[in-house]
Amino acid sequence: VTAARVRAPSALAAYDREDRRTRLHVRGRWRSSPMVEIETLLPRTGWFLDYGCGHGVFTLHLCATAPERQVCGVDVDAAKIDIARRAAATMSTVTGGAGSATFEVVERPWLPPPTPSWDVIVINDVLYLLGHAHALEVVRAAAGALAPGGVLAIKEIDVRPRWKFQWARFQEIVATRVVRVTAGEQVAFVPPDDLAAAMAESGLTVTRRRLDRHRLHPHLLLMGRR
Ligand SMILES: C[S@@+](CC[C@H](N)C(=O)[O-])C[C@H]1O[C@@H](n2cnc3c(N)ncnc32)[C@H](O)[C@@H]1O
């Protein structure tokens, strides 16, 4: 267990004034997603888009770890964006560290427009909620919205090993249909080969990295550079 996971980072502390349900949800996201590892693999400066940012904990973590990043988080869930904005204000007041985070509500279906061109677009655990065709459409639009040298970072669940995949799928069905903490049309994990193919067809050079050591979820990070 890394030091960063033991110590509550400033991004997580920014939600301390929220209600219990929100605090639990944000802590759950922080624990279940390899946000610490992903952040270290991304550039330290530039314009970032966090597509489907939810409560914004990763968005704020990106700013907290490298203040030169200008990060915009977008999501279809207006209630989560409200919380993200409050957390950004709290983080600015307490640490002065989230001044460069902005949050926007977008209408579903939303595609990143080709301009402005982003240096980094992050899509962390969102595509599986969109359905296969829409997910690939978002990937192609995101690839087209990158500046030259820009990076598209997609964190999804791999379909292998099978037992880890089934466990992740079960949890997401509970989150979307039973507890309803996540807005999404469906749970349809897109095979990473399909995502990688869409990225490559859009002109990106693609690398894959598994991030599931000591984790139950088969986290996979696809990075595409323009
Ligand atoms: C599992 S959460 C991940 C949130 C965040 N990326 C994180 O890592 O904590 C999935 C998010 O995708 C958002 N979402 C679902 N459909 C979307 C769409 N069509 N466009 C943008 N965001 C969407 C949901 O509202 C939810 O906040």
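This passage describes the nonpolar cores, one helix pair and the cysteines of a predicted model. Residues are numbered from 1 along each chain as its sequence is written, and side-chain values use heavy atoms, without hydrogens or water. Local features require pLDDT of at least 70 and side-chain atom pairs pLDDT 80 or more, whereas totals for chains, interfaces and linings use all residues.

The largest nonpolar core (buried Ala, Val, Leu, Ile, Met, Phe, Trp, Tyr and Cys residues joined through side-chain atoms within 4.5 Å; buried means under 20% relative accessible area, with a 1.4 Å probe and protein chains only) has 33 residues. Those with the most contacts inside this core are Tyr15, Leu42, Val57, Phe58, Leu60 and Phe103. Helix H6 (residues 78–95) gives the most to the core, with six residues; helices are DSSP runs of H or I of at least four residues, numbered from the N terminus. Apart from this core lies another, of 28 residues, among them Leu49, Trp118, Leu136 and Met199.

Helices H7 (residues 132–144) and H9 (residues 192–201) pack at an angle of about 35 degrees, with their axes 9 Å apart. Axes are lines fitted to C-alpha atoms over the stretch in contact, and angles run from 0 to 180 degrees between N-to-C directions. The contact (heavy atoms within 4.5 Å) involves His132, Leu136, Val139 and Arg140 of H7 and Asp194, Leu195, Ala198, Met199 and Glu201 of H9.

No disulfides (cysteine sulfur pairs within 2.5 Å) are found in the whole structure. The sulfur of Cys53 lies 7.9 Å from its closest cysteine sulfur, in Cys72, too far for a bond. Cys53 is buried at 9% relative accessible area, and Cys72 is buried at 14%.

Key: Helix = DSSP H or I, 4+ residues; strand = E, 2+ residues; numbered from the N terminus. Buried < 20%, exposed > 50% of the residue type's maximum accessible area, 1.4 Å probe, protein only.
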